[in-house]
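Colleague: Pick one pocket of this model and take me through it slowly. I'd like the lining, the annotated residues and whatever surrounds them.

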Amino acid sequence: MSRAAVVAGIGSCLPPRAVSNAELSARLDTTDEWIRTRTGIARRWHSDAGMATSDLAVGAGANALKSANESIVDTVIVATTTPDRPCPGTAPLVASKLGMTGAAAFDVGAVCTGFLYGLATGAGLIATGSADRVLVIGAETFSSILDPADRSTSVIFGDGAGAVVLRAGEASEDGAIGHCDLGSDGAGQDLITVRAGGSAQRLSGVAPEPGDAYFAMAGKEVFWRAVQRMAESCRGVLNVTGTRIDEIDWLVGHQANQRILDRLADDLGVPRDRCVTNLAEVGNTAAASIPLALDHAHVAGTLRAGDRVLLTAFGGGLTWGSTVLTWPALKRG
Ligand code: COA
């Protein structure tokens, strides 16, 4: 018997305001038709003034704790690209707001791959006995860093949060987190970036351009790298775990763009109707994307206990990662 982290609960949270393609088309040079056909997105969600990433993280975390029948954990990990402040991390505040002052709490920054990096980290803490229960949250308020004049990013990204509770268990149990394939390529840091605000810009002696405080993405260059890296990473984790692709019931890819998800499915040989997708309803929520998709599929009854699920993500860094697990029986958050 070997000790492993096991998924014990799941939850999510969306902010209050749905932003339709029609609303964006009214202020940007774009159309509902372009957005639907080129991205697959129909709406995304924006936070209200006065909200922050911690609010969505607390909402998702509370739902995941409820689903796991837990009120406290040892460690809270928040994966985010949009922390409440550059310093300190958001996780300690989230832990406090959830009534867990004293718990270990830290942020993970791996952009759209952040949740899988956080999951691997939390699972490692449990496997080594450093923690018995870990709350892993992916939370974003991307609306706070989007350039309102940039049609190529404004139509894609949205706010949201998703979370899982991990508990100590056995590697043979449903929900056990095993091998995680993780990778990066820092040479691609300019492809998905916020140029201003970090030490490189502050110490450059050069004042930032007005647009440098906003999120920027080289969409076309990112597109093919996303398909290629996620496919390679999936093959890596399938290989290490001895899993055949035809044993996978559901592919849960980072919800970046429907065309990326379709190409990925085709490349791996997974039927497109075996891909979990909530992209149309929430857009690309970066670090929140995978746990949000999992929770929505869980609540919809799409994911059933015993299903083999392949998770994969790609994002800024560049970063990528994948893991495979057997979906456990979970309560709703
Ligand atoms: N509405 C209308 N036209 C738009 C548009 C919009 N919202 N956004 C871009 N366009 C235009 C471009 O300006 C370009 O016009 P041009 O040919 O006159 O220069 C044209 O559409 C095609 O642009 P292109 O970048 O080739 O579009 P695309 O089909 O690649 O779609 C993205 C753009 C951003 C949707 C797509 O590249 C993408 O999803 N990239 C990856 C995102 C991703 O994976 N992120 C993961 C990490 S977070």
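Modeller: Here is a walk through one pocket, followed by a look at its surroundings.

A word on ground rules. The model is predicted, so to speak of local features I need pLDDT of at least 70, and side-chain atom pairs count only at pLDDT 80 or more, while totals for chains, interfaces and linings use all residues. Residues are numbered from 1 along each chain as its sequence is written, and side-chain values use heavy atoms, with hydrogens and water left out.

I'd go for the second largest pocket, at about 620 Å³. It is lined by 31 residues, and Ile-156, Gly-219, Lys-220, Asn-257 and Arg-259 are the closest to its centre. Two or more lining residues come from each of helix H2 (32-39), helix H6 (151-154), strand S10 (215-217), helix H8 (219-241), helix H9 (258-268) and strand S12 (308-315). H8 gives the most, six residues. By class, the lining of this pocket has 16 nonpolar, nine polar and six charged residues. Domain 1 (3-170) and domain 2 (180-326) both contribute residues to that lining, so the pocket lies between them.

The terms, quickly. On a 1 Å grid over the protein atoms alone, a pocket is an open set of points with protein on both sides within 12 Å along at least five of seven lines, a cavity is a set where a 1.4 Å probe fits but cannot get out, and lining residues have an atom within 4 Å of a point. Points are joined across faces, edges and corners, and a volume is the space filled by probe spheres set on them. Helices (H or I, at least four residues) and strands (E, at least two) are DSSP runs numbered from the N terminus. Nonpolar covers Ala, Val, Leu, Ile, Met, Phe, Trp, Tyr, Cys and Pro; charged covers Asp, Glu, Lys and Arg; the others, Gly among them, are polar. Domain bounds come from an automatic or database domain assignment.

Now the annotated residues. In an unreviewed UniProt entry, "active site" is listed for Cys-112, His-254 and Asn-284. They span 173 residues in sequence, yet no two of their C-alpha atoms are more than 8.8 Å apart, so they gather at one spot. And where is that? Cys-112, His-254 and Asn-284 are included in the lining of the second largest pocket. UniProt positions follow the numbering used here, feature names are shortened, and annotations may be inferred rather than shown by experiment.

His-254 sits in the loop between strand S11 (250-253) and H9. With 2% relative accessibility, His-254 counts as buried (under 20% relative accessible area; exposed is over 50%, partly exposed in between, with a 1.4 Å probe and protein chains only).

Two backbone oddities are worth a look too. Val-111 has a positive phi, near 50°, in a residue other than glycine. Val-111 is in the loop between strand S5 (104-108) and helix H5 (114-127), and at 17% relative accessibility it counts as buried. Ala-286 also has a phi near 50°; its place is the loop between helix H10 (279-282) and helix H11 (289-300). Ala-286 is buried as well, at 0% relative accessibility.

S12, which feeds the pocket lining, leads to another feature. Leu-318 lies in the loop between S12 and strand S13 (319-326), and a cis peptide bond joins Gly-317 to Leu-318, with omega about -5°.

For contrast, the largest pocket holds about 870 Å³ of space. It too has 31 lining residues, with Thr-81, Val-194, Ala-196, Gly-197 and Gly-198 nearest its centre. Its lining divides into 11 nonpolar, 15 polar and five charged residues. At least three residues of that lining come from each of domain 1 and domain 2.

Last, there is one cavity of 30 Å³ or more, with a volume of about 50 Å³. Val-7, Phe-115, Leu-119, Val-164, Ile-177, Leu-294, Leu-311, Leu-325 and Trp-327 line that cavity, which makes nine nonpolar residues, no polar and no charged. Domain 1 and domain 2 each supply at least three residues of the cavity lining.
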